[in-house]
Amino acid sequence: MLTSVLSFTPEMAERVTEYCTNSSTDVSSNMNELWDWTVQEFEDADKMSSPLQGSTMKFLAGLLQPKRILEIGSYSGYSALAWHESTQQTGADIVTLELDKNMIAATRRTLEKYALSDRVALIEGDASESLTKLTGSFDLIFVDANKDGYEAYVKTILDRKLLSPRGLIMADNIFARGMTISTESNPGLPEKVRGYWTDNGKALRKFNTFCKNDGRIDTVLLPVYDGLTLIKWKTS
């Protein structure tokens with residue numbers, strides 16, 4: 001195999017996603033319940049992590065055993081629930097940042113409904129400002145917010161050493177529905193959101209260049225989901 005990405009039609013990609021999900025460890029009934037509720041409540045629920053991504057989050061958290069987790073972008077609290085469930089042994093403290101008032105309300109509902117407030121702290125407001133007020137370091141950082149902010153967020157994380165020495169940053173939606181690669185790469189993308197994702201693609205191309213050229217870090221962009229970038233401190 002000379003390339004790292006198989007060519008799938010949208011129909012085949014859906015079948016592959018279903019197959020991978022069914023072949024992976026199931027997420028909890030609470031996560032399934034929250035995912036279904038979010039899909040019913042929000043028109044843009046496609047921005048939420050998929051159940052397969054939820055399984056990935058739990059797998060990685062179980063492997064890394066983080067003691068502190070930071071996520072930039074809460075949406076409805078689905079990822080916070082995944083982190084909480086997968087860090088029972090370490091009792092990890094989880095900090096989630098959110099600006100959108102609707103998502104803040106949805107996340108607060110999740111924290112209350114699934115009793116997550118013992119270890120999950122929701123910080124409201126602009127993430128750029130919130131990051132400057134955080135102290136200590138985090139072993140796992142999940143970036144899944146406004147795409148034009150990724151570069152500034154990660155730069156602040158690195159400059160302030162918010163990432164622990166052996167920590168991992170996960171940045172989601174790096175493909176921007178394909179628009180990061182080419183504006184022609186996703187002809188089926190609805191016109192009503194094409195401009196939005198095209199602008200995101202431009203911002204994320206800059207982010208990718210920043211990650212590639214920053215001498216402090218090692219980075220790999222994986223062709224999974226909507227593009228997932230992993231970042232760690234460079235090994236000396």
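Select F42 and display its surroundings: leaving aside residues up to four places away in sequence, F42 touches W37, Y75, N102, M103 and A106, where contact means heavy atoms within 4.5 Å. The model is a predicted one, in which local features need pLDDT of at least 70, side-chain atom pairs count only at pLDDT 80 or more, and totals for chains, interfaces and linings use all residues. Residues are numbered from 1 along each chain as its sequence is written, and side-chain values use heavy atoms, with hydrogens and water left out.

**The nonpolar cores**

Extend the selection from F42 to W83, L140 and M170. Of the 33 residues in the largest nonpolar core, these four, F42, W83, L140 and M170, touch the most other members. A nonpolar core is here a set of buried Ala, Val, Leu, Ile, Met, Phe, Trp, Tyr and Cys residues joined through side-chain atoms within 4.5 Å. Buried means under 20% relative accessible area, exposed over 50%, and partly exposed in between, with a 1.4 Å probe and protein chains only.

Colour next by secondary structure, with helices (H or I, at least four residues) and strands (E, at least two) taken as DSSP runs numbered from the N terminus. Two or more residues of this core come from each of α2 (29–41), α3, α4, α5, β3, β4 (138–143), β5 and β7 (228–233). The largest share, five residues, is that of α4. Then select I141, V143, L204 and F210, which are among the 32 residues of another core, apart from the former. In soluble globular proteins, nonpolar side chains tend to be buried together.

**The largest pocket**

Centre the view on A13, T17, V224, Y225 and D226. The largest pocket holds about 1,700 Å³ of space, and of the 41 residues that line this pocket, those five are the closest to its centre. On a 1 Å grid over the protein atoms alone, a pocket is an open set of points where a 1.4 Å probe fits, with protein on both sides within 12 Å along at least five of seven lines; lining residues have an atom within 4 Å of a point. Grid points are joined across faces, edges and corners, and a volume is the space filled by probe spheres set on the points.

Highlight α1 (10–22) and α3 (51–64), each of which supplies at least two lining residues of the largest pocket. The largest share of that lining, nine residues, comes from α1. By class, the lining of the largest pocket has 19 nonpolar, 14 polar and eight charged residues; Ala, Val, Leu, Ile, Met, Phe, Trp, Tyr, Cys and Pro count as nonpolar, Asp, Glu, Lys and Arg as charged, and the others, Gly among them, as polar.

**The second largest pocket**

Move to G73, E98, D144, A145 and N146. The second largest pocket contains about 600 Å³ of space, and these five are the closest to its centre of the 29 residues that line it. Its lining receives two or more residues from each of α4 (78–86), β2 (93–98) and α8.

**Two loops**

Select A115, in the loop between α5 (101–113) and β3 (120–124). A115 has a positive phi of about 55° although it is not a glycine, and is exposed at 55% relative accessible area. Continue to N173, in the loop between β5 (163–171) and α8 (191–213). N173, also other than glycine, has a positive phi near 60°, but counts as buried at 7% relative accessibility.
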